[in-house]
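Q: Could you walk me through this structure, a bit at a time, and explain the terms as we go?

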2 protein chains.
Amino acid sequence: MNDKRPLILLSNDDGVQAKGLNELIDMLSPMGDLLVMAPDGARSGAACGITSHNPLRYKVLSVRPGVKICACSGTPVDCVKLAIEKETDRRPDIVVSGINHGDNSSVRVHYSGTMGVALEGCMKGIPSVGFSLCDFDEDADFAPAAPYVHRITERILHTGLPSGVCLNVNFPKPSAEPYAGMKICRMARGTWSNEWYEADHPKGTKYFWLTGEYTNLEPEATDTDEWALAHGWVAVVPVTVDMTAYAALNSLKDLETL
Amino acid sequence: MNDKRPLILLSNDDGVQAKGLNELIDMLSPMGDLLVMAPDGARSGAACGITSHNPLRYKVLSVRPGVKICACSGTPVDCVKLAIEKETDRRPDIVVSGINHGDNSSVRVHYSGTMGVALEGCMKGIPSVGFSLCDFDEDADFAPAAPYVHRITERILHTGLPSGVCLNVNFPKPSAEPYAGMKICRMARGTWSNEWYEADHPKGTKYFWLTGEYTNLEPEATDTDEWALAHGWVAVVPVTVDMTAYAALNSLKDLETL
């Protein structure tokens, strides 16, 4: 790889075969050298999970000028850690994740393997971004996202991001209307209900599939990612690694005297 | 179960058999009715992961007055979701996680299944706390933690916690000195290096075990959980569900005009 071009580390949680990742590779390959280290299958909902109890493997699937693609047996976060320590001597200039098939807005950030990748890159001090499309379809249409992926990636490569902050970028499901533009948002408060689909095993036991209905707990607020997405905007939320609830520190001081 | 006593939902990420969970059950059973839904084996590093691609099962392992113990095939977060929707008609008064065998201070919160439990409880609007001991030993000594577990649980049952905030409580590894007391802290900035132990499979391929060395990036700061733990204090960090990096919102506004 050419040292003059930025090194872009890519991963995702839908797996190395996913359309969203492969379209992202096509979008970003003009912008730098790509090292792709992605899970060897779907890892949706992997969050920042790491593999503690099993050994991991990875293999190089393909190499062409400026693009090396590897598949790893671990989680999205494992992929970032392995790629950086074992597959390149260069420090990546940016970590990019996605494009995820499905929303990662609001509290979904906590469950998201896509954002696990971005948070891990951020914890390594590398500017990082996760891209997600609000469409779970395997053959979803990622084309309208391309100009935004370019602009955001270029902006990050040029200006960086504040220390300890990565970006969570969600694209509305494409419609007849083009995207309205980008909005910088906060994440909406939200909650899930009716989360289990219950089924009977032929042998008489019950089993459960995780599903659920999302409720936006602040539908009137116009500064949230949920509002932006519902109104046709690309939602960009800066996400912090430092999860300290600073506003709560004082109200808990009484614990110190218990 | 008796409606007059609070309902305490317990889970962990070390699995239902772990000493830390069973000691926690003993510590809390005088304080309320316990519903335990824990993974059927170790899930260290599960973070807020959820199970998207497989069905889940759980079974009731034991019932005694005031204590029901269930084991689930899923992640720590799955356990919380299943317990609340499928195993009780009462709304838990508190969600308690742990006591974890090993530190969950600083950036470990992102990888922690223990804190996944607490964050999930918090997202359901239930006051939640994760307890961890800085000792990975299977037979670690949890006894010095007991009075603090009592006080914190009682405080939360009595006063609640701010909306969207849960607690990450870490106990130093016990020494000859008793704990110095509790400190309300922020999470330290930290990073990991040398994360992979590389080994050769007899058939000639390489495989990797995740390991690594933690570095506190702000060793001089006296208001962090790492500092508190290193000086014999029980470290209590309020953790926020809202991961928006508010301080970064303005500096990113230029993206909106790109």
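A: Let me begin with a term: a disulfide is a pair of cysteine sulfur atoms within 2.5 Å. Please keep in mind that this is a predicted model, in which local features need pLDDT of at least 70, side-chain atom pairs count only at pLDDT 80 or more, and totals for chains, interfaces and linings use all residues. Residues are numbered from 1 along each chain as its sequence is written, chains are lettered from A and ligands numbered from 1 in the order in which they are written, and side-chain values use heavy atoms, with hydrogens and water left out.

Q: OK, so how many disulfides does the structure hold over all chains?

A: Over all chains, the structure holds 0 disulfides. For C70(A), the nearest cysteine sulfur belongs to C72(A) and is 9.2 Å away, while for C79(B) the nearest one, that of C72(B), is 4.0 Å away.

Q: And is C79(B) buried or exposed?

A: C79(B) is buried, with a relative accessible area of 0%, where buried means under 20% relative accessible area, exposed over 50%, and partly exposed in between, using a 1.4 Å probe and protein chains only. C70(A) also counts as buried, at 0% relative accessibility.

Q: Switching topic: what rotation superposes chain B on chain A?

A: A rotation of 180 degrees, with 0.0 Å of shift along its axis, superposes chain B on chain A with an RMSD of 0.0 Å (copies are superposed by least squares on the C-alpha atoms of residues with pLDDT of at least 70 in both). The two copies are therefore related as by a two-fold rotation axis.

Q: How many residues does the contact take from each of chain B and chain A?

A: The contact, meaning heavy atoms within 4.5 Å, takes 79 residues from chain B and 79 residues from chain A. Because 100% of the interface residues of chain B are also interface residues in chain A, the copies meet through the same surface.

Q: What area is buried there, between chain B and chain A?

A: About 7100 Å² is buried between chain B and chain A, and carbon and sulfur atoms give 63% of that; buried area is the accessible area (1.4 Å probe) that two parts lose on being put together, summed over both. On the chain B side, I184(B), W196(B) and M243(B) lose the most area to chain A, together 11% of what that side buries.

Q: How many salt bridges does the rule find across the interface of chain B and chain A?

A: The rule, which asks for a side-chain nitrogen of Lys or Arg within 4 Å of a carboxyl oxygen of Asp or Glu, finds 8 salt bridges across the interface of chain B and chain A. One of the salt bridges joins D254(A) to R155(B), with the closest N and O atoms 2.7 Å apart.

Q: Now the helices: why is helix 3 of chain A described as largely enclosed?

A: Helices (H or I, at least four residues) and strands (E, at least two) are DSSP runs, numbered from the N terminus. In helix 3 of chain A, residues 113–123, 11 of the 11 residues are buried, so this helix is largely enclosed by the rest of the structure. Just after helix 3 of chain A, G125(A) takes a positive phi of about 80 degrees.

Q: One last residue: where is E218(A) found?

A: E218(A) is found in the loop between strand 12 (213–216) and helix 5 (225–230) of chain A, and E218(A) is buried, with a relative accessible area of 12%. Leaving aside neighbours within four places in sequence, E218(A) is in contact with R186(A), M187(A), A188(A), R189(A) and T224(A).
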